[in-house]
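Please load the model in your viewer and keep the selection tool at hand, as this tour moves from one selection to the next.

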Amino acid sequence: MDQKRMIERLKENPAALQAIARSPDGQALMRLLQGRDGGQRLQQAASQAAAGSTAQLLQMLQSIMATPGGAELIRRIGQDLQK
């Protein structure tokens with residue numbers, strides 16, 4: 001599942017988002033997304049996504065996916081969303 005579809009799926013299904021957020025993989029993703037700035041960039045991306053622009057959030061996910069561990073993490077979360 002590509003990143004854009006993953007975001008759309010999460011927007012469509014708040015219960016899935018809550019389940020992912022509570023999962024170990026979801027917690028690991030949140031730590032990666034919060035990064036070194038204490039989550040400021042994530043908050044900004046989330047605000048933009050809520051307003052309809054997911055570009056910054058997609059960029060953050062792409063940077064995470066550029067690492068082997070991040071790519072595996074996103075793959076597992078995508079699989080969980082397809083269930």
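The stops below cover a pocket and then three helix pairs.

This is a predicted model, in which local features need pLDDT of at least 70 and side-chain atom pairs count only at pLDDT 80 or more, while totals for chains, interfaces and linings use all residues. Residues are numbered from 1 along each chain as its sequence is written, and side-chain values use heavy atoms, with hydrogens and water left out.

Begin with Leu 10, Leu 17, Met 30, Leu 33 and Leu 57, which are the closest to the centre of the largest pocket among the 18 residues that line it. A pocket here is an open set of points on a 1 Å grid over the protein atoms alone, where a 1.4 Å probe fits, with protein on both sides within 12 Å along at least five of seven lines, and lining residues have an atom within 4 Å of a point. The volume of the largest pocket, about 480 Å³, is the space filled by probe spheres set on the points, which are joined across faces, edges and corners.

Extend the selection to α1 (3-12), α2 (14-22), α3 (24-34), α4 (40-50) and α5 (55-65), each of which supplies at least two residues of the lining; helices are DSSP runs (H or I, at least four residues), numbered from the N terminus. The lining has 16 nonpolar residues, one polar and one charged, where Ala, Val, Leu, Ile, Met, Phe, Trp, Tyr, Cys and Pro count as nonpolar, Asp, Glu, Lys and Arg as charged, and the others, Gly among them, as polar.

Next, show α1 with α6 (residues 68-82), whose axes come within 11 Å and cross at roughly 45 degrees; axes are lines fitted to C-alpha atoms over the stretch in contact, and angles run from 0 to 180 degrees between N-to-C directions. That angle makes α1 oblique to α6, given that under 35 degrees counts as roughly parallel, over 145 as roughly antiparallel, 65 to 115 as roughly perpendicular and the rest as oblique. Select Met 6, Arg 9 and Leu 10 in α1, which meet Ile 74, Ile 77, Gly 78, Leu 81 and Gln 82 in α6, contact meaning heavy atoms within 4.5 Å.

Keep α1 and add α5, which packs against α1 at an angle of about 125 degrees with the axes 10 Å apart. Here Gln 3, Lys 4 and Ile 7 in α1 meet Leu 57, Leu 58, Leu 61, Gln 62 and Met 65 in α5.

Finally, exchange α1 for α3, whose axis comes within 10 Å of that of α5 and crosses it at roughly 105 degrees, which makes α3 roughly perpendicular to α5. Leu 29, Leu 32 and Leu 33 in α3 meet Met 60, Leu 61 and Ile 64 in α5, and the residues of this contact divide into six nonpolar, no polar and no charged.
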